[in-house]
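Please open the model in a viewer and keep the selection tool at hand. The tour below proceeds stop by stop, indicating what to select and what is found there.

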Amino acid sequence: MVSKLSSQEIQFLKARAEDVDSIIELAKSIWWKHYPEIIGEAQVEFMLNKMYSHEVVKSHITNQTQLFYLIKVEGENCGFLAVEETSETELFLQKFYILQNTQNKGLGTLAFKKLIQQYPLVETIRLQVNRQNIKPINFYFKLGFTIEKSADFDIGDGYFMNDFVMVNHIKK
């Protein structure tokens, strides 16, 4: 793969029901490499089971409660994101994951730009990110996000997401 990617080299495709297994595979690969040192193996297992079971992902895609997009380079799945439309002018970026071996090539920035192109009326995008997840926080700063607040979310079984809520007021 080239060192830096151009917009023409990536595909940004709305996920369909037949993409569920690919999304789950990407999530497991990314999460197991990245999150155990931040939240521990038990919480990784809990969250993957809660958010990335076949039934949950398929339900989001089928019912369009979260709109998933696959990010591909040279026909290979390299990541995905999912958004929730909270209003005509606002999105919540529920998920944004890029395989570790494809990071630092501009892929995330290009995918974010393609996301914005999909939603020309959107003025505000919010997301949550673990407060200890330094590399993604810095990436979001680079994209124009700022920290709106710090919050703890009880996700069950004694686990919490200790997150920053970040916001980006899109300048078009």
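## Stop 1: Asp 157

Begin with Asp 157, which is exposed, with a relative accessible area of 65%. Asp 157 sits in the loop that joins strand 6 and strand 7. The coordinates belong to a predicted model, and every value quoted on this tour should be read in that light. Display the backbone torsions here: although Asp 157 is not a glycine, its phi is positive, at about 55 degrees. For context, most residues other than glycine have a negative phi.

## Stop 2: Glu 74

Next select Glu 74, in the loop between strand 2 (67-73) and strand 3 (76-87). Here too the residue is not a glycine, and phi is positive, at about 50 degrees. Is Glu 74 buried or exposed? With a relative accessible area of 62%, Glu 74 counts as exposed, because the cut-off for that class is over 50%.

## Stop 3: Helix 4 and its buried face

Move to helix 4, residues 54-63. Which residues of helix 4 are buried? They are Val 57, His 60 and Ile 61. Looking along the axis, one finds that these residues cover an arc of only 95 degrees, which places them on the same side of helix 4. The general geometry is familiar: an α-helix has 3.6 residues a turn, so residues three or four places apart point the same way. Rotate to the other side of helix 4, where Glu 55 and Asn 63 are exposed. Then show the surroundings of the buried residues, which pack against helix 1, helix 3 and strand 2.

Centre the view on His 60, a residue of helix 4. Its relative accessible area is 18%, and His 60 is therefore buried, the cut-off being under 20%. Leaving aside residues up to four places away in sequence, His 60 touches Thr 65, Gln 66 and Phe 68. Before leaving, select Gln 64, just after helix 4, where phi is positive at about 55 degrees.

## Stop 4: Helix 1 against helix 4

Now add helix 1 (20-34) to the selection. The axes of helix 1 and helix 4 come within 9 Å and cross at roughly 125 degrees. The two helices are therefore oblique to each other, and helix 1 passes helix 4 in a right-handed crossing. To see the contact, select Val 20, Asp 21, Ile 23 and Ile 24 on helix 1, together with His 54, Val 57, Lys 58 and Ile 61 on helix 4. By class, the residues of this contact comprise 5 nonpolar, 1 polar and 2 charged. Val 57 and Ile 61 have appeared already, among the buried residues of helix 4.

## Stop 5: Helix 1 against helix 3

Keep helix 1 in view and replace helix 4 by helix 3, residues 41-51. How do the axes of helix 1 and helix 3 cross? They come within 10 Å and cross at roughly 165 degrees. That angle makes helix 1 roughly antiparallel to helix 3, and their crossing is right-handed. From helix 1, select Ala 27, Lys 28, Trp 31 and Trp 32; from helix 3, select Glu 41, Val 44, Glu 45, Met 47, Leu 48 and Met 51, which they meet. The residues of this contact divide into 7 nonpolar, no polar and 3 charged.

## Stop 6: Helix 6

Turn to helix 6, residues 134-142, and select Pro 136, Ile 137 and Tyr 140, which are buried. Viewed down the axis, the buried residues of helix 6 fall within an arc of 105 degrees, so they line one face of the helix. On the other side, Ile 134 and Lys 142 are exposed. Among the elements that cover the buried residues are helix 1, strand 4 (90-98), strand 5 (124-130) and strand 7 (159-169).

## Stop 7: Gly 144

Finish at Gly 144, in the loop between helix 6 and strand 6 (146-156). Just after helix 6, Gly 144 takes a positive phi of about 105 degrees. At 38% relative accessibility, Gly 144 is partly exposed. Which residues does Gly 144 touch, not counting residues up to four places away in sequence? Its contacts are Val 167 and Asn 168. As a last distance, select the C-alpha atoms of Gly 144 and Thr 124: 20 residues apart along the chain, they are separated by 11 Å.

Notes:
Residues are numbered from 1 along each chain as its sequence is written. This is a predicted model: local features need pLDDT of at least 70, side-chain atom pairs count only at pLDDT 80 or more; totals for chains, interfaces and linings use all residues. Side-chain values use heavy atoms; hydrogens and water are left out. Buried means under 20% relative accessible area, exposed over 50%, partly exposed in between (1.4 Å probe, protein chains only). Helices (H or I, at least four residues) and strands (E, at least two) are DSSP runs, numbered from the N terminus. The arc is that of the directions from the helix axis to the C-beta atoms. Contact means heavy atoms within 4.5 Å. Axes are lines fitted to C-alpha atoms, for helices over the stretch in contact, and angles run from 0 to 180 degrees between N-to-C directions. Angles under 35 degrees count as roughly parallel, over 145 as roughly antiparallel, 65 to 115 as roughly perpendicular and the rest as oblique. A crossing is left-handed if the near helix is turned anticlockwise from the far one by less than a right angle, and right-handed if clockwise. Ala, Val, Leu, Ile, Met, Phe, Trp, Tyr, Cys and Pro count as nonpolar, Asp, Glu, Lys and Arg as charged, and the others, Gly among them, as polar.
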